[in-house]
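Hi there,

Here is the structure I promised to pass on to you. Have a look at it first, and then read my notes below.

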Amino acid sequence: MKSPVRVAVIGGGVVGCSVLYHLTKAGWSDVVLIEKDELTCGSTWHAAGGMHTLNSDPNVAKLQDYTIRLYKEIEEISGQSCGIHLTGGLMLAGTPDRMDYLKAMHATGRYLGMHTELISADEAAEMYPLMDKRHFIGALFDPMEGHVDPYGVTHAYAKAARLGGAEVYRSTRVEEIKARPGGGWDVVTNAGTIEAEHVVNAGGLWAREVGRMVGLELPVLAMEHMYLLTEDLPEVAERDKELIHVIDFEGEIYMRQERKGMLMGTYEKAGVPWAPKDTPWDFSRQLLPPDLDRIAANLEVGFAHFPPIEQAGIKQIINGPFTFAPDGNPLVGPVRGLPGYWLACGVMAGFSQGGGVGLALANWMTGGDPGFDVWAMDASRFGDWAGRAYTNAKVRENYSRRFQIRFPNEELPAARPLRTTPIYDRLKAENAVFGDSWGLEHALWFAPKGTEPVETVTFKRSNAHGPVADECRAVREAVGMIEISNFAKYEVTGAQAEIWLAHILANRMPAQGRILLSPMLNPNGKLIGDFTVAKAGPERFYIFGSGVAEAYHMRWFTEHLPERGVQIRPIGTELLGMSVAGPRSRELLSRLTDEDLSTEAFPFLTFREMELGLIPAKVGRITFTGDLGYEIWVRSDYLVALYNALHEAGRDLGLKLFGGRALNSLRLEKNFGTWAREYRPIYGPAEAGMSRFVDLRKNDFIGRDAALREREEGPERRLVTMTVEDAGVDVMGDEPIWQGDKVIGWVTSGGYAHHAGRSVALGYVPADLVTPEIPLAVEILGDLRPAIVLAEPLFDPQGNRMRG
């Protein structure tokens, strides 16, 4: 075997072979793949081979589209047939809610350049004569659906990679992975040791075991999955054209033609995990015992919806394991603290996503950036709280809901509550409706006393609309209080702390006792973070950011940390917080301290340590509501006392609790963007309206040259805030923005701005259209709603309340 090598890819399924091919395509030929048996022997060989472009995350959808278009390329390079059947496919809707879902997917596809089509049940029946159209009200047709030969695709990747210089070692089991003292890895196999600069865990069913070799417990779990093959059907055999693919959401069934019969698969409610703790190393090209009783209810629905299939005999039942992450998306990317160790696992839709995963990872390894927005697949979206029990519960939930609608306001219950703060029970007693953010419970809104704290799930406005309006009114007219413990918090200390922060963040650093906002850029000048920075002492800073991105940002911080002079640590739940906001928030806080909180003594963007009653606190004059307000941070053992003190002091001031839904409404009125929606690694600071937070006078910060170039040349697109004609439904995100008969942009987020009384959308449009004079429209659930670009925020456009 070859050693040393630049990359050792572990796992010979479709994903590992895709990574290998893409590394050679990127110019790295000194790469090898290690497979314990034969290629495809894990879960690839028994896959149904389906492929589709549509995905709830548009960035993943782009990579799926790339994957499907790639198959012709690797066929031509390798000479190996991929068995491509690009038949097109139907997604069938049996309910109005499902039809709304398909309308939203169709709309998102418009700005991605996809050519889907909404059709009636009658039109669907003409395209798919096996269906009983009485069970459906419409459908979405996607021409970029079909299936491939799993064996052919995997070997085409492998052959193309070998032509690019790669080597493939079969019947070679990895037994140990050891970090080398000077960097890199020793990959110990039964055939010898390979020294590798990089290791890729594409272990599939064995990804956990390969992770454990370096001390990782990866959140992946295999589920048993069944599909059946029928005997020949006359309705199929007599056709001269292959039937299209079909997904029946109500039946939770997918189908395609297989020779002269049909393949029918289902995601049953009572899914069964396979090998929940350890995957046996001797499992290879094996199937599991079928259990028709477990999927009988789904099959009955399928037979009713597609009557000819009931008359066909069952030729074979396939039951094989596939791996899933807790949210159903892959785990891709580097791992903090393990330089040179990469993940490409949990890819349950390998023939839709394998090519895109391989491309993104190869870009990342060879160029330092995936080249796409892969946040939905980034392994850092999970923290150490995602252990085996959590993964088991969430994967089973995700599997059982594979074909169910996930409404935009829906919070899923499995493995919750997991992480809570000391005031969780108090908020629960106030009728809070909770969501979870990075495993931590937080209040979304507060249901009226005497009602059930449950939100109706819908694409339109829910029962939260009225109560959220009341919460917003309290903030704008009196004072509101919200827990902000779900923010990420970091402490940066050391003699070189300020120098390091000035290098890693794009803005200048604040003076002591002051706060500023700063984006964080990658070398390409794209946004990878959005932070509040407070200077608490000569060598001590606090950084506040998005809670869901804590591991993502810590990975970046760690990669760029010097060997000495700076320390950074995530504070997590050691430091918890409350925020008070509204015109009476200063009066409220003044009742708890003898500090002078006047505008002159405690102006906007001040940060100070003080006592609030008996409680030592860190107080910042800033809030995401865009109003007069404060963020208050305390040690976790003081949070209950802080909550009680604020609650008591604000009783006669009209103090009201508010949650995340109200906070979203309030920030829309100020045109405030948010991480993972408006601010993502595909946008630059000038595009996102953040140029004022980028200090180009600094000559040495990551991304400076690209940010300067963007500013000098001007961005092609810009983030705008629009008011949208109100028809009782608001944007969810990812809707297309129209000018006339052309899609020219996309919505990033929005909702109803209660204080302003307007439906609002934020989104990106061409820079020359950033003007109120040009009429636009936003497509919401199939309808075009007139939209107008705002020249200034709906609330306090001059910032007088916020700064006063």
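**Two tryptophans to start with**

At 8% relative accessibility, tryptophan 342 counts as buried. Please keep in mind as you read that this is a predicted model. Tryptophan 364 is buried too, with a relative accessibility of 11%.

I looked for ring pairs throughout the whole structure, and the search gave 31 aromatic pairs. Tryptophan 342 and tryptophan 364 make up one of these pairs, in an edge-to-face arrangement with 6.3 Å from centre to centre and 65° between the planes. Tryptophan 342 sits in strand 19 (residues 341-345) and tryptophan 364 in helix 10 (residues 350-367), so their pairing ties together parts that lie 22 residues apart in sequence.

Another pair to look at is tyrosine 683 with tyrosine 764, which is stacked: the centres are 3.8 Å apart and the planes make an angle of 10°. This pair links distant parts of the chain, 81 residues apart, with tyrosine 683 in the loop between helix 18 and helix 19 (704-713) and tyrosine 764 in strand 36 (residues 758-766). Are these two tyrosines buried or exposed? Both tyrosine 683 and tyrosine 764 are buried.

There is also an aromatic cluster, and you may like to colour its members in your viewer: Tyr101, Phe249, Tyr254, Tyr267, Phe324, Tyr399 and Phe403.

**Helices that pack against each other**

Two packed helices are described by the angle between their axes and the distance between the axes. I have two such contacts for you.

In one of them, helix 13 (residues 465-477) packs on helix 18 (residues 660-668) at an angle of about 60°, and their axes are 9 Å apart. That angle makes helix 13 oblique to helix 18. The crossing of helix 13 and helix 18 is right-handed. Which residues meet here? From helix 13 come Val468, Glu471, Cys472, Val475 and Arg476, and from helix 18 come Arg661, Ala662, Ser665 and Leu666. Sorted by type, the residues of this contact between helix 13 and helix 18 are five nonpolar, one polar and three charged.

In the other, helix 1 (residues 14-25) and helix 2 (residues 58-78) pack at about 70°, with 13 Å between their axes. Helix 1 is therefore roughly perpendicular to helix 2. Helix 1 contributes Tyr21, His22 and Lys25 to the contact, while helix 2 contributes Tyr66, Leu70, Glu73, Ile74 and Ile77. The residues in the contact of helix 1 with helix 2 comprise five nonpolar, one polar and two charged.

**A closer look at glutamate 471**

Glutamate 471 belongs to helix 13, and I picked it out for a second look. How much relative accessible area does glutamate 471 have? The value is 1%, so glutamate 471 is buried. Leaving aside residues up to four places away in sequence, glutamate 471 touches Trp445, Phe446, Lys656, Leu657, Phe658, Gly659 and Ala662. Of these, Ala662 also appears among the helix 18 residues that meet helix 13. As for proline 775, it is 304 residues from glutamate 471 in sequence and 32 Å from it in space, C-alpha to C-alpha.

**Backbone details**

Most residues other than glycine have a negative phi, and most peptide bonds are trans. Here are some exceptions to check in the model.

- The peptide bond from serine 3 to proline 4 is cis, with omega near 0°; proline 4 lies in the segment before strand 1 (5-10).
- Arginine 416 is joined to proline 417 by a cis peptide bond as well, with omega near -10°. You will find proline 417 in the loop between helix 11 (388-400) and helix 12 (424-429).
- Threonine 40 is not a glycine, yet its phi is positive, at about 80°. Threonine 40 is in the loop between strand 2 (31-34) and strand 3 (50-51), and with a relative accessible area of 2% it is buried.
- Leucine 605 likewise has a positive phi, near 70°. Its place is the loop between helix 16 (585-590) and strand 29 (607-612). Leucine 605 has a relative accessible area of 18% and is buried, as the cut-off for buried is under 20%.

Happy browsing, and best wishes!

Definitions and conventions. Residues are numbered from 1 along each chain as its sequence is written. This is a predicted model: local features need pLDDT of at least 70, side-chain atom pairs count only at pLDDT 80 or more; totals for chains, interfaces and linings use all residues. Side-chain values use heavy atoms; hydrogens and water are left out. Axes are lines fitted to C-alpha atoms, for helices over the stretch in contact, and angles run from 0 to 180 degrees between N-to-C directions. Helices (H or I, at least four residues) and strands (E, at least two) are DSSP runs, numbered from the N terminus. Angles under 35 degrees count as roughly parallel, over 145 as roughly antiparallel, 65 to 115 as roughly perpendicular and the rest as oblique. A crossing is left-handed if the near helix is turned anticlockwise from the far one by less than a right angle, and right-handed if clockwise. Contact means heavy atoms within 4.5 Å. Ala, Val, Leu, Ile, Met, Phe, Trp, Tyr, Cys and Pro count as nonpolar, Asp, Glu, Lys and Arg as charged, and the others, Gly among them, as polar. Rings of Phe, Tyr and Trp (its six-membered ring) pair if their centres lie within 6.5 Å; planes under 30 degrees apart count as stacked, over 60 as edge-to-face and the rest as tilted. Buried means under 20% relative accessible area, exposed over 50%, partly exposed in between (1.4 Å probe, protein chains only).
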